[in-house]
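Subject: Structure handover

Hello,

Here is the structure we talked about, with my notes below it. Please read the notes with the model open.

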Amino acid sequence: MLGAGYVGLVSGACFAEFGVDVCIVDTDPSKIEALRQGRIPIYEPGLDKLVEENARDGRLTFTTELKEAIRGADAVFLAVGTPTRRGDGHADLTYVFAAAEQVAKAAEGPLVLVTKSTVPVGTGRKVKEIVTAARPDVQIDVASNPEFLREGNAIGDFMRPDRVVIGVESERAAAVLKRLYRPLYLIETPVVQTSIETAELIKYAANAFLAVKITFINQMADLCERAGANVHDVARGMGLDGRIGRKFLHAGPGYGGSCFPKDTLALARTAQELGAPVTIVEQTIAANDARKEQMAERVIAACGGSVEGKTIAVLGVTFKPETDDMRDAPSLVILPALAAAGASIRAYDPQTGHARQVLPAGIHWADGALDAAKNADALVLITEWNEFRAISPAKLKAAMRGEVVCDLRNVWDPAQMREAGFAYSSIGRP
Ligand SMILES: NC(=O)c1ccc[n+]([C@@H]2O[C@H](COP(=O)([O-])OP(=O)(O)OC[C@H]3O[C@@H](n4cnc5c(N)ncnc54)[C@H](O)[C@@H]3O)[C@@H](O)[C@H]2O)c1
C-alpha cells in the first residue's frame, strides 16, 4: 500500500484485518517512524486499535523501502495524494505517476497495480503506458479500485461499504481484487466490475453528485430564510421520498474536506476538455465557494455590522466532526475573514493537530467550549462535534459577554436558545 494517509492507512489496516499481509510504504520517514512506534499520524476513530492489533499479529508492517514492501506482493495499491494542481484546477497526478514508475522499476515479478487514489478518467491508461515503458519485461496489470470511505467513519465504511468498484482489463486483475475483497462478498456487498475508465468516472460522479445535493439544500436554506420556511422540515419532507433520500440534505456553511472541493474541480476541468461540460458541477463549485465567504458576512451582520475589537468564540474548525483533517474546511475562509475584520478569535476544537498549523497565528486556542465562550461578544458554531450538542445554553450564556450566536450547523434548538437570552440565528430556520 503506497501512501500512509487517510486512505492508505485505513485500507491497509482493514485489509490486514481481513487476514491479508499488508506492508504500508510512505516517502515521509516521520510517518513511518511514528507508525512503527505505534503512533497514528492522523485522527480517525478506531484506527489506533486496528493498527496496533494487526501490527502486533505481524500482518501489518511499515517501511520507507518500496522494493522490500512489494517483494512477492500480488497487488500493489496506490493511495497517494491527488491534490488540486496549482493554477488550473486539474488533479495533480505527479505523485501517482511517480509512484507507478517506482513500483514498475522495483518489481521483481508480475503484479497487479491498483489505483485507489481518486484520479481523472484516462489516468489508468497513462499509468499503463508508464509502467510498460519502465518495465517491458515484467507483466504489470493495472486496475482501478476507487475508495469511497468517509473520514470519521472510515473503518466502518471500508468494512461494510455500499459497494466495491473494480475497474479491470484482465482476468488476473479481477481475480486478485476479488480475492482481496472476499470477506465483503460474504456479507453480500455488491461488486461493480467495469472498465478502468468507467471505474475512474464512477468515483467523480458519486462525489460530484453529493456536492450538488449539499449545495442544493444550502440554496434551499437561503430561500427558506427569505420565505419564512424551515429548511429542516423541507429536507425531511423531500428526503423521505425514496427517490431522493435523506442523507446529505443538511444545510450548512458549504462543503469542505479533502475530496469534494478538489474532485468537483477536477471533474469540471476533465469534462470541459473532453467537450462535455458538466455545468451543474461548475455552478456548484462557484456557489459553494461564495457560500463560505457569505458565512463570515453573516456573522459580521449578526454582530451589528462590525466585529472590530470584538471577541468571537468559534466552536469546531475541522472540515467535519470526528476528523482532524483541515483540507478546504470552511473555517479556513471564515476565521481569516473575521480576523481581517478586526475580531479576536477564541477557538475550540477537540482535534487541533492540523488546525494550529494552517489557521492564522493569533487565534487563542481554548481548552473547551465554555473556555472559548469566556467573555466572547459572539459565538459561531462551524463544525458539529457531538459534544457541542449537549452544551447547556444557560452555562454558555453565563460564560459569554454578548448574546450573539450563529449556529452554522443547526445543532441547537432555536426556542431554547432564545429562552436562554441569545440573539440566535441558524441556517434556513425561522
Ligand atoms: N481522505 C479521504 O477521505 C478520501 C476518500 C476517498 C478517496 N480519497 C483519495 O485517496 C487519495 C489519498 O488521499 P489521502 O487523504 O489518504 O491523502 P494523504 O495526503 O492523507 O496521504 C497521501 C500519502 O501518500 C504519501 N506518498 C506520496 N507519494 C508517495 C510515494 N511515491 N510512495 C509512497 N507514499 C507516497 C504521502 O507522503 C502521504 O502520506 C487521494 O487521491 C484522495 O482523493 C481520499
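One definition before the notes: helices here are DSSP runs of H or I with at least four residues, and they are numbered from the N terminus. With that in hand, α5 gives the largest share of the shell around the ligand, three residues. Please keep in mind that this is a predicted model.

**The ligand site**

The shell around the ligand has 26 residues. D26, K31, T82, E151 and K262 come nearest. By class, the shell splits into 10 nonpolar, nine polar and seven charged residues.

Three polar contacts are worth a look. The side chain of D26 places an N or O atom 2.6 Å from an oxygen atom of the ligand. The side chain of Q102 does so at 3.1 Å, here from a nitrogen atom of the ligand. T118 uses its backbone: an N or O atom there lies 2.9 Å from a ligand oxygen.

How much of the ligand does the protein bury? Taken alone, the ligand exposes 830 Å², and the protein buries 90% of that. Two elements give two or more residues to the shell: α1 (6–17) and α5 (94–106).

**Around helix α5**

V103 sits in helix α5. Is V103 buried or exposed? V103 has a relative accessible area of 0%, so it is buried, the cut-off being under 20%.

K67 belongs to helix α4 (residues 66–70). The C-alpha atoms of V103 and K67 are 7.8 Å apart, with their positions 36 residues apart along the chain. K67 also pairs up with A106: their C-alpha atoms are separated by 5.3 Å, and the two residues are 39 apart along the chain. K67 has a relative accessibility of 39%, so it counts as partly exposed.

R135 is in the loop between α6 (123–134) and β5 (140–144). The side chain of R135 reaches two backbone oxygens. One is that of A104, at 3.1 Å. Another is that of K105, at 3.2 Å. R135 counts as buried because its relative accessible area is 16%, and buried means under 20%.

**Aromatic residues**

How many aromatic pairs does the structure hold? There are nine. Take F158 and Y181. Their ring centres are 6.2 Å apart, the planes make an angle of 35°, and the pair is tilted. This pair links distant parts of the chain, 23 residues apart. F158 is in helix α7 (residues 154–159). Y181 is in the loop between α8 (171–180) and α9 (182–186). F158 and Y181 are both buried.

F158 and Y181 also belong to a cluster. Its members are F15, F18, F77, F158 and Y181.

A charged residue meets a ring elsewhere. R163 lies over the face of F148, at 3.6 Å from the ring centre.

**The loop between β8 and α14**

Which residues here have a positive phi without being glycine? E322 is one of them, with phi of about 65°. D328 is another, with phi near 55°. E322 lies in the loop between β8 (311–315) and α14 (331–340), and D328 is in the loop between β8 and α14 too.

Neither residue falls in the buried class. E322 has a relative accessible area of 28%, so it is partly exposed. D328 is partly exposed because its value is 38%. Partly exposed covers what lies between the buried limit of 20% and the exposed limit of 50%.

**Helix α13**

V299 is in helix α13 (residues 279–302). V299 and V380 are 81 residues apart along the chain, yet their C-alpha atoms are separated by 7.5 Å. V299 has a relative accessible area of 1%, so it is buried.

**Where to start**

I would open the ligand site and find D26, with its side-chain contact at 2.6 Å. Then turn to α5, for its three residues in the shell. From there, go to R135 and its contact with the backbone oxygen of A104.

Best wishes

Methods. Residues numbered from 1 in each chain as written. Predicted model: local features only at pLDDT ≥ 70, side-chain atom pairs only at ≥ 80, totals over all residues. Heavy atoms only, no water. Near = heavy atom within 4 Å. Polar contact = N/O pair within 3.5 Å; in protein donor to acceptor, adjacent residues only side chain to side chain. Areas by Shrake-Rupley, 256 points an atom, 1.4 Å probe, with all protein chains shown as cover. Nonpolar A, V, L, I, M, F, W, Y, C, P; charged D, E, K, R; others polar. Phe/Tyr/Trp six-rings, centres within 6.5 Å; stacked < 30°, edge-to-face > 60°. Buried < 20%, exposed > 50% of the residue type's maximum accessible area, 1.4 Å probe, protein only. Lys NZ or Arg CZ within 6 Å of the ring centre and 35° of its normal.
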